[in-house]
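Me: Hi! I would like a close look at one part of this structure, with the cut-offs spelled out along the way.

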Amino acid sequence: MKKIKEVIVVEGKDDTKQIDKAVNADTYETNGSALSADDIAHLKKLQATRGLIVFTDPDFNGERVRKMISQAIPGVKHAFIRRDQGVPTEAHGSLGVEHANPEVIKAALAHVYTEEEQADAQYSRHDLAAAGLLSGKGARTRRERLGQILGIGYGNGKQLLHRLNVFRIAPAQFQAAVQQIKREEADGKISNR
């Protein structure tokens, strides 16, 4: 299967793991039902560049997240599973996408996604290391500033790499941000703590 163009919005890591078993797609995890202003800003950016498919749990909190996103971001697509398709197989656990069979997930997404050619990751750990973003004095501060400049938020090295690729940050935009950070460091506007 080709990669899904849109980013699929899910509530947590277990949802992402189950989506990965079913389709080739990138996800954005809301980490529950509380969406911050930063989450909404990131989702708006993703909607503008790739499109979004909201695929939350068939429960109160999932519907709450779905409504919040729909109100803040026009034009998002939606995928749904029925409550009986998200029931945990064990005695513990809550209702959700993480319990859906991969075939159920494929069927829920079948009529809402757009296929694209496999988009190769533009960035590697080597790119981040060369820009001084992975380790050493000031790497954390540079990652924070890069996330601010690019509007993708802060992340550790692994998270930053994922975000650069998911948000499809253009190489020229990345290089311009790195150069801006170097100038700010040289001018003493940011410190190498």
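What covers the buried residues of α1?

Reply: Happy to help! This is a predicted model, where local features need pLDDT of at least 70, side-chain atom pairs count only at pLDDT 80 or more, and totals for chains, interfaces and linings use all residues. Residues are numbered from 1 along each chain as its sequence is written, and side-chain values use heavy atoms, with hydrogens and water left out.

The cover over the buried residues of α1 includes β2 (7-10), β3 (27-29) and α4 (102-109). Contact here means heavy atoms within 4.5 Å. Helices (H or I, at least four residues) and strands (E, at least two) are DSSP runs, numbered from the N terminus.

Now to the helix itself. In α1, which spans residues 13-22, D15, T16, Q18, I19 and A22 are buried. Buried means under 20% relative accessible area, exposed over 50%, and partly exposed in between (1.4 Å probe, protein chains only). Looking down the axis of α1, these buried residues fall within an arc of 165°, so they line one face of the helix. That arc is taken from the directions from the helix axis to the C-beta atoms. K13, K17 and K21 are exposed on the other side of α1.

For contrast in exposure, take R64, which lies in helix α3. R64 is partly exposed, with a relative accessible area of 36%. Neighbours within four places in sequence aside, R64 is in contact with S33 and A34. A34 is 30 residues from R64 along the chain, and their C-alpha atoms are separated by 8.9 Å.
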